[in-house]
Amino acid sequence: MKVQTVSISSSDVPAIELRNLGKNFEDFRAIDDVNLNVAQGEVFGLLGPNGAGKTTTMRIIACLLSPTDGDVLVKGKSVRDPRNRTEISREIGLLTESPNIYERLTAEQNLVFFAHAYGVPENEIEGRIKKVLEEFNLADRRQDRTVTLSKGMKQKLAIARALVHGPSILLLDEPTASLDAESAKMIRTQISETAKMGGHTVFLSTHNLDDASRLCDRIAFISRGRILASGSEKEVARQVKRDQLDAKADRVSISLINSEGFSEENLSRLIAGSKSIHKNGDGRTFELIFKDEYSDEEIDSLTSKAIESLVAAGAKITSVVQSRPSLEDLYLEIVARERKQN
């Protein structure tokens, strides 16, 4: 009998894997049985309010805290094994919520200091610093003291500092916190370009839902140390809708000129696929709430068929408005539900 050998490439190993992760601080359970996988090259967002467990999770991944139970694997290596911690640290660039850069030093001096701290070989430091300064459009400010930089530039310098030792994984804790809209946009752009051009895995923690929606391939909602939902935005939407949350379901509002003869009962016979149909107070506008199992593409198709059926039945339509729950809607809904259950 011939035995077949299956090889697993390094890219098949998750960049970060949380296995039944738990963390206690005396009697407080900060992280509670968390399971997550982050693929190599992925931008993953951990979303939650202040105190949800985001920063604690990041510190465990970066080997700054030890788990109480469970484990974290970084490229297959356990953070619980002290022999792995130096290697894991080299794989990770960490941006904490506070930039922690030295304001009396110049931008270049900050990077030189942290390059030495990370153990970058002396003959590589100059080249690496030049590279990150150019990538972050800071080359012309390299000799300026950090105190003279704007908040946005300081944050860019902090991310450059996290990348100066050439890590493959970037951990960003609230990267746009306290920034104005222009600076936040600049940082989002830089994160996106860094992930795409550098091939980095980015693990982003935030309570800014706009950041997550713009940047992340997948997201997870965390509250009180527990994961409430995870996946792409569409997958998270399906998880929420499976719980029969009509207030956050996909909806289509259709307005008619001639509403006579189109009762809710008649509309239900004409239109397939809706969970329910409600006429609004004006008598000319009605709302379709679609069944939970439908994808966005199926809902678009059903909406087109509904319009065709109405027109064929003699309806004159003035407007069609689709409404889908935003990331903020979904997040607020599942957090509210989780709090009610506790």
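**Exercise 1. Decide whether Tyr102 is buried or exposed, or in between, and describe the aromatic pair to which Tyr102 belongs.**

Solution. In this predicted model, Tyr102 has a relative accessible area of 43% and is therefore partly exposed, since partly exposed covers the range between the limits of 20% and 50%. The next step is to look at the partner: Tyr102 forms an aromatic pair with Phe113, with 5.4 Å from centre to centre and 85° between the planes, an arrangement that is edge-to-face. An angle over 60 degrees is what counts as edge-to-face. Tyr102 belongs to the loop between β6 (92-95) and α3 (107-117), whereas Phe113 belongs to helix α3, so the pair ties together parts that are 11 residues apart in sequence. Phe113 is likewise partly exposed, at a relative accessible area of 41%. Finally, Tyr102 and Phe113 form one aromatic cluster together with Phe114, and over the face of Phe114 lies Arg161, at 5.0 Å from the ring centre.

**Exercise 2. Determine how the rings of Phe44 and Phe203 are arranged, and where in the chain the two residues lie.**

Solution. Searching the whole structure gives four aromatic pairs, and the pair of Phe44 and Phe203 is classed as stacked because the ring centres are 5.8 Å apart and the planes are at 10°. As for position, Phe44 lies in strand β3 (residues 43-47) and Phe203 in strand β8 (residues 201-206), so that this pair links distant parts of the chain, 159 residues apart. Both Phe44 and Phe203 are buried.

**Exercise 3. Work out the order of the strands in the open sheet, and find which strands stand at its edges.**

Solution. The open sheet is formed by four strands in the order β2-β1-β4-β5, and their pairing is antiparallel. Reading that order from its two ends leads to β2 (28-38) and β5 (77-78), each of which has a single partner strand, so one side of each is left without a neighbour in the sheet. Turning to one of these edges, strand β4 (residues 69-74) and β5 run antiparallel and are joined by two bridges, and Val74 stands opposite Lys77 in β5. Helix α1 (residues 54-61) packs on the sheet, where the helix touches β1 (16-25), β2 and β4, and the direction of the helix makes about 115° with that of β1.

**Exercise 4. Compare the surroundings of Lys75 and Glu174, two residues with a positive phi.**

Solution. It helps to recall that most residues other than glycine have a negative phi. Lys75, which is not a glycine, has a positive phi near 50°, and Glu174, also not a glycine, has a positive phi of about 50°. Lys75 is placed in the loop between β4 and β5, while Glu174 is found in the loop between β7 (169-173) and α6 (181-198). Their accessibility then has to be read separately: Lys75 counts as partly exposed at 28% relative accessibility, whereas Glu174 is buried, with a relative accessible area of 4%.

**Exercise 5. State how many disulfides the structure holds, and say whether Cys63 and Cys216 are buried or exposed.**

Solution. A disulfide is a covalent bond between the sulfur atoms of two cysteines, and the count of disulfides in this structure is zero. Cys63 is buried, with a relative accessible area of 18%, and Cys216 is buried as well, with a relative accessible area of 15%. Each of these values can be checked against the limit for buried, which is under 20%.

Definitions and conventions:
Residues are numbered from 1 along each chain as its sequence is written. This is a predicted model: local features need pLDDT of at least 70, side-chain atom pairs count only at pLDDT 80 or more; totals for chains, interfaces and linings use all residues. Side-chain values use heavy atoms; hydrogens and water are left out. Rings of Phe, Tyr and Trp (its six-membered ring) pair if their centres lie within 6.5 Å; planes under 30 degrees apart count as stacked, over 60 as edge-to-face and the rest as tilted. Buried means under 20% relative accessible area, exposed over 50%, partly exposed in between (1.4 Å probe, protein chains only). A charge sits over a ring if NZ of Lys or CZ of Arg is within 6 Å of the ring centre and within 35 degrees of the ring normal. A disulfide is a pair of cysteine sulfur atoms within 2.5 Å. Two strands pair if DSSP finds at least two bridges between them. Contact means heavy atoms within 4.5 Å. Axes are lines fitted to C-alpha atoms, for helices over the stretch in contact, and angles run from 0 to 180 degrees between N-to-C directions.
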